[in-house]
Amino acid sequence: MGLYAIKHKNEEVRSKSRSGGIFTALTDYILDDIGGIVCGCKMDGVRVAVHDCTNKKEGRNLFRGSKYIESNLAWNDCFSNIGNYLKKGKKVLFSGTSCQVQGLLGIIPQNLKNNLYTVDILCHNIPSGKVWDDYLTWFEKKIKATIIDIDFRNKAKFGWADHTESLWTKKKVYHNKYYRDLYALGYISRPCCSKCPYKAVTHQSDFTIGDFWGLDRVRKGTEFGDNKGVSLVIVNTDKGAELFNSIKNEVEYIQANKAECLQGALVKPYTYNAENRTKFWTDYYSRDFSFIVKKYTTNALLTKIKMLVPGDLKKRLRGK
């Protein structure tokens with residue numbers, strides 16, 4: 001196993017990536033050097049996230065960035081397409097949550113897996129697509145305009161460590177944290193995520209990637225971090241190590257150890273108060289969305305919201 005803090009040497013790549021650009025480095029090699037296929041999550045419009053496959057950088061670029069809603073794997077029959085590519089001898093890189101990676105590995109025959117690279121994204125929980133859709137409907141009604149583009153975490157304007165969503169209309173852009181606040185509480189996420197079996201440092205994927213929160217714990221970390229994005233990369237397999245060696249020249253990296261890279265998504269599933277979650281959904285189905293925003297996205301919730309904020313890492317690891 002190898003653990004690294006990584007940032008892409010190309011500043012333009014890093015600026016367009018959610019973290020440090022490791023996904024672009026890996027997939028550039030798959031697309032350019034070995035003529036392979038990349039499969040990942042993209043937005044289909046502004047309301048739905050889907051998984052798709054591509055052999056073009058333009059298509060791959062749509063997979064970059066965070067999407068805080070569940071992705072539809074059946075949208076373009078993604079898993080079947082991956083199987084067909086592998087049967088034709090193509091190299092394929094798939095990125096998704098740990099459970100999605102595990103599902104893919106469970107259906108691909110062993111004799112085809114040598115050509116399959118898997119990358120799982122550090123995941124706190126999977127929130128309801130209904131809430132995101134209702135949020136956009138409420139916000140469009142509020143501003144009397146149609147949302148045509150979104151960014152769940154606008155790093156370009158607010159920096160890597162911030163978590164502000166941006167919503168564009170034809171004439172204006174709006175920045176807020178309404179949906180971030182609801183997501184951070186955990187009430188809108190699948191209950192099964194609170195029993196996630198993949199909250200550990202070792203995963204079945206070839207790579208585990210995410211934001212490297214707590215970078216200051218790494219040797220020379222204060223010199224390495226600049227609020228432009230740094231990726232946490234865990235190389236889990238020998239096949240992953242071979243691919244990583246092939247792209248090392250494209251990135252700057254610092255080797256880390258287990259203690260330095262620990263964060264909530266590598267330690268334990270997120271937790272929530274079941275009674276409070278029930279109250280939330282009772283409110284949700286009996287009141288309008290304005291009431292939900294007023295009640296559940298106020299400064300009074302700041303302590304709970306910090307659950308997903310880097311500055312509250314120690315409390316998160318203690319399970320508070």
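Buried means under 20% relative accessible area, exposed means over 50%, and partly exposed lies in between. The exercises below apply this scale and other computed features to a predicted model.

**Exercise 1. Decide whether S17 is buried or exposed, and describe its surroundings.**

Solution. Step one is to place the residue: S17 sits in the loop between α1 (11–15) and α2 (22–33). Step two is to apply the scale. The relative accessible area of S17 is 8%, so S17 is buried. Step three concerns its polar partner: the side chain of S17 reaches the backbone oxygen of V13 at 2.7 Å. Step four looks further along the chain. With neighbours within four places in sequence left aside, S17 is in contact with T24, R64 and K155.

**Exercise 2. Describe the second largest pocket: which residues lie nearest its centre, and which element gives the most to its lining?**

Solution. Begin with the volume, which is about 510 Å³. Next, consider the lining. It is made up of 24 residues, and R64, G65, K67, I150 and D151 lie nearest the centre of the pocket. Two or more lining residues come from each of β2 (37–44), β7 (149–151) and α7 (155–158). Of the elements, β7 gives the most, with three residues. Finally, sort the lining by character: eight residues are nonpolar, seven are polar and nine are charged. R64 links this exercise to the previous one, since R64 is also a contact of S17.

**Exercise 3. Determine how the buried residues of helix α4 are arranged about its axis, and which elements they pack against.**

Solution. First, list the buried residues: in α4 (residues 78–87) they are C78, F79, I82, G83 and L86. Seen down the helix axis, these residues fall within an arc of 140°, so they line one face of α4. Next, identify the partners. The buried residues pack against β2, β3 (48–54), β5 (92–96), α5 (98–107) and β6 (116–121).

The flanks of the helix may then be examined. D77 lies in the loop between β4 (71–72) and α4. Its phi is near 55°, a positive value in a residue other than glycine. With a relative accessible area of 44%, D77 is partly exposed. After α4 comes G89, whose phi is positive, near 90°.

**Exercise 4. Carry out the same analysis for helix α13.**

Solution. In α13 (residues 289–296), the buried residues are F289, I292, V293 and Y296. Viewed along the axis of α13, they fall within an arc of 100°, and they therefore line one face of the helix. Their packing partners are α6 (129–143), α8 (178–185) and α12 (274–286).

**Exercise 5. State how many cavities of 30 Å³ or more the count gives, and characterise the second largest.**

Solution. The count comes to two cavities of 30 Å³ or more. The second largest has a volume of about 40 Å³. Its lining consists of S98, V101, Q102, D120, Y198, H203, Q204 and S205. The element that gives the most to this lining is α5, with three residues. By character, the lining divides into two nonpolar, five polar and one charged.

**Exercise 6. Identify the polar side-chain partners of D211.**

Solution. D211 belongs to strand β10 (residues 207–211). Its relative accessibility is 10%, so D211 counts as buried. A polar contact of 2.6 Å joins its side chain to that of S19. Another polar contact, of 2.6 Å, joins the side chains of D211 and W160. When residues up to four places away in sequence are not counted, D211 touches R18, S19, R153, W160, V230, L232 and Q263.

**Exercise 7. Classify the loop residues P197 and N227 by accessibility.**

Solution. P197 is found in the loop between α8 and β10. Its relative accessibility is 64%, so P197 counts as exposed. P197 and K268 are 71 residues apart in sequence, while their C-alpha atoms are 8.7 Å apart in space.

N227 is found in the loop between α9 (221–224) and β11 (231–235). At 39% relative accessibility, N227 counts as partly exposed. The phi of N227 is near 65°, a positive value in a residue other than glycine.

How values were computed
Residues are numbered from 1 along each chain as its sequence is written. This is a predicted model: local features need pLDDT of at least 70, side-chain atom pairs count only at pLDDT 80 or more; totals for chains, interfaces and linings use all residues. Side-chain values use heavy atoms; hydrogens and water are left out. Helices (H or I, at least four residues) and strands (E, at least two) are DSSP runs, numbered from the N terminus. Buried means under 20% relative accessible area, exposed over 50%, partly exposed in between (1.4 Å probe, protein chains only). A polar contact is a pair of N or O atoms within 3.5 Å; within protein, one must be able to donate a hydrogen and the other to accept it, and residues adjacent in sequence count only if both atoms are side-chain atoms. Contact means heavy atoms within 4.5 Å. On a 1 Å grid over the protein atoms alone, a cavity is a set of points where a 1.4 Å probe fits but cannot get out, and a pocket is an open set with protein on both sides within 12 Å along at least five of seven lines; lining residues have an atom within 4 Å of a point. Grid points are joined across faces, edges and corners, and a volume is the space filled by probe spheres set on the points. Ala, Val, Leu, Ile, Met, Phe, Trp, Tyr, Cys and Pro count as nonpolar, Asp, Glu, Lys and Arg as charged, and the others, Gly among them, as polar. The arc is that of the directions from the helix axis to the C-beta atoms.
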